[in-house]
Amino acid sequence: MAMLSGLRALGFRTKLLAGISVIVVLTFCITGIATYRIYLGLFEEEVSAQHRKASEQAMTQLEFRIQELYRISNAIVFNKTIEDAVTGLATNRIDTPYERYALQESMITELQQVKIDAPQLQSLYLYDLNGTNYYHGLMKESAEPIDASLFEEIRGRVEQSSGQLVWMNKALPSRIERSGTRDVIIASRWMRNKELGMYGMLVMVIDEQFISRSFREMTAEGEGQVYLFDQYNRMLFPSPNQADQTQPDNSWFTGPASRIEQEGNNSVYFTRNVSLQLSFTLVSRVSMSDFLSKSRRILNVHVLSGLVSILLSGLLIMLLGNRLLQPMKELVQAMRGIRAGRFDIRIRIRSSDELGYIAESFNAMAANVEGLIKEVYMRQLSEREAELKALQAQVNPHFLYNTLNGLYWKLYLQHDLETAELVSSLSELLKYSLAPVWKETTLQEEVRQIRNYLAIQSAFLENDFEARIEIDPEADDCLTPRFILQPLVENVFVHAFKGQSKPKLLLIRAYREMDEVKIEIVDNGAGMEPEKLGRVLQEEQVAKERPSLGVRSVMRRIDILYGEPYGLRMTSKPGEGTTIQLLLPYRTSAQGLEEHE
């Protein structure tokens, strides 16, 4: 009875808050427990499927990377120049030191492109059948060269193969790593010619990150382990100094590809993927407790949501309790504002009842009073505004002229060379644009104006920008239409470099081939999808597509002036940049006069 009397003595607001709180807590507890149990089973199944899919995608990426290494090794092994150089140097058929030097230089020249196309290579070695090294291409300084003992180990494994790449995981000494070593992957093979004759051995030292990059998504959150085995089931990843205490056994290569294994009190989800092309095996193992730890967050979220709901319910009750008194409070405050001279004050109409009618009537009265007051001063304000505008119209032209004139002399007297250079570039561009568009110019002059344009643009770029212009002196005197390059270069800044935070590179090349001049404009900007590139080169263009208008203008001018086979071609890759190629006839001023006679 005492408890009931105490409850009756509580206020309505307190009773409502307590009742809603009990209902909210019970609802969230029941739904939270049920949802957690159902979600636990679904979560385990879904995460397992996602892990299998991630493993398959990692194997696909790995196959692509390994195939790229096979392509590079084939390009080296079956290169006739390299074969002749290694064979010639090994058989001592060289009569003079000059011939020996020439063979080595020819081999270095052939392998120069490999350094550019294969940044993943740390080092490259070419040995003859006697183990003599004739080429050591140190692509990067991150790892030291291989020593004699490691070479013998590599050769021993290659001798057991039939010519395919043999893989090893090693830690080479390094002068830049804090640990003193750097983990690398070593791929080696016999060098055979097209007639299957063996003439040497190729050794490639590869950055381990080139292989492990395919597994980053699987270990992005630091959960689980990933192991990679070659065709002989030898572990390639992780490296010996990165491997954990878990040791692989024969069960890793047999049995179901996806399964749950029991290790003591912990369950481990096991996934195995085998590449049919490479015979590589990718094994991933992740603790089921890591999966389940994420699912427990759902229960914590429900508990937290219940507590937040109680607080929000209490706040809602307080707001409802003040709902009826709030409109009257706002009316009193508005009346005090009118009394103080604030005739622009208004009351927000919250309902359509009597309180809403009072608020609407008050707003109408305040608006009428404000209108009467404004009507008295409106004409005077309008007249003064008209006088100010008239005076401004007279002052602005003089002010602009005096400001520009003063700025010119200030720069001149202060020797501001950088700003003066920009003003000079802009002046030359304006002077160049005043000439008739049909009047031809030389490629040298056209490029000079492009340099002016680039000087102006580079002054306003926030990030790193580099422009390289390589013009063959034989092409300087070639006659070209005016502003044939400027629209294309402008598109690079307006579209290719727009929103790009990485360093920007623009390359302009021009060279002569017989009776033709080829001009290339290359950027490393955003690039274009094939569909967008097709729309740019088509006749039908959307009016808002600015780059297509510039490109089409250049294409039409070349077609009208010269016809086939001259014209414009574009290639582009998203995220890598765009290349524009112009093909023009080589014509000098003397030839131009003869054609017009």
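Me: What links Glu-177, Arg-182 and Asp-207?

Reply: Glu-177, Arg-182 and Asp-207 are linked in a network of salt bridges. The model is predicted. Across it, the count comes to 12 salt bridges.

Me: What makes the contact of Glu-68 and Arg-71 a salt bridge?

Reply: The cut-off is 4 Å from a side-chain nitrogen of Lys or Arg to a carboxyl oxygen of Asp or Glu. For Glu-68 and Arg-71, the N to O distance is 2.6 Å. That is within the limit, so the pair qualifies. Side chains of opposite charge can pair when their charged atoms come close.

Me: How are Glu-68 and Arg-71 placed in helix H2?

Reply: They are 3 residues apart in helix H2 (residues 12-77), so about one helical turn separates them. Glu-68 has 23% relative accessibility and counts as partly exposed. Arg-71, at 43%, is partly exposed as well.

Me: Why is the pair Arg-234 and Asp-230 called a salt bridge?

Reply: The closest N and O atoms of Arg-234 and Asp-230 are 3.5 Å apart. The limit is 4 Å, so the pair counts.

Me: Are Asp-230 and Arg-234 buried or partly exposed?

Reply: Buried means under 20% relative accessible area. Asp-230 is at 0%, so it is buried. Arg-234 has 24%, which makes it partly exposed.

Me: How do you know that Lys-518 and Glu-513 form a salt bridge?

Reply: Their closest N and O atoms are 3.2 Å apart. That is within 4 Å, so the rule is met. Lys-518 is partly exposed at 28%. Glu-513 is partly exposed at 35%.

Me: Why is Met-514 called exposed?

Reply: Exposed means over 50% relative accessible area. Met-514 is at 71%, so it counts as exposed. Met-514 is found in the loop between strand E14 (504-513) and strand E15 (516-523).

Me: What is the phi of Met-514, and what is the phi of Asn-233?

Reply: Met-514 has a positive phi of about 60 degrees although it is not a glycine. Asn-233, also not a glycine, has a positive phi of about 60 degrees. Most residues other than glycine have a negative phi. Asn-233 lies in the loop between strand E6 (225-229) and strand E7 (235-237). At 39% relative accessibility, Asn-233 is partly exposed.

Me: What makes the bond between Glu-564 and Pro-565 cis?

Reply: Omega is about 0 degrees at the peptide bond joining Glu-564 and Pro-565. Most peptide bonds are trans. Pro-565 is found in the loop between helix H14 (546-561) and strand E16 (567-573).

Me: Why are H11 and H12 called roughly parallel?

Reply: Helix H11 (residues 443-458) and helix H12 (residues 486-496) pack at an angle of about 20 degrees. Angles under 35 degrees count as roughly parallel. H11 and H12 are therefore roughly parallel to each other. Their axes are 10 Å apart. The crossing is right-handed.

Me: How do you know that Ile-211 is buried?

Reply: Its relative accessibility is 5%. The cut-off is under 20%, so Ile-211 counts as buried. Ile-211 is found in helix H6 (residues 208-212). The C-alpha atoms of Ile-211 and Glu-63 are separated by 9.9 Å, with their positions 148 residues apart along the chain.

Me: Which residues make the nonpolar surface patch of about 370 Å²?

Reply: Leu-304, Val-308, Leu-312 and Leu-315 make the patch. Val-308 is found in helix H7 (residues 288-321). At 38% relative accessibility, Val-308 counts as partly exposed. A patch residue needs over 30%, so Val-308 passes that cut-off.

Methods: Residues are numbered from 1 along each chain as its sequence is written. This is a predicted model: local features need pLDDT of at least 70, side-chain atom pairs count only at pLDDT 80 or more; totals for chains, interfaces and linings use all residues. Side-chain values use heavy atoms; hydrogens and water are left out. Patches are made of residues with over 30% relative accessible area and no salt bridge: like charges are joined within 9 Å, nonpolar side chains (Val, Leu, Ile, Met, Phe, Trp, Tyr) within 5 Å. Accessible areas come from the Shrake-Rupley method with a 1.4 Å probe; for residues, only the protein chains shown count as cover. Helices (H or I, at least four residues) and strands (E, at least two) are DSSP runs, numbered from the N terminus. Buried means under 20% relative accessible area, exposed over 50%, partly exposed in between (1.4 Å probe, protein chains only). Axes are lines fitted to C-alpha atoms, for helices over the stretch in contact, and angles run from 0 to 180 degrees between N-to-C directions. Angles under 35 degrees count as roughly parallel, over 145 as roughly antiparallel, 65 to 115 as roughly perpendicular and the rest as oblique. A crossing is left-handed if the near helix is turned anticlockwise from the far one by less than a right angle, and right-handed if clockwise.
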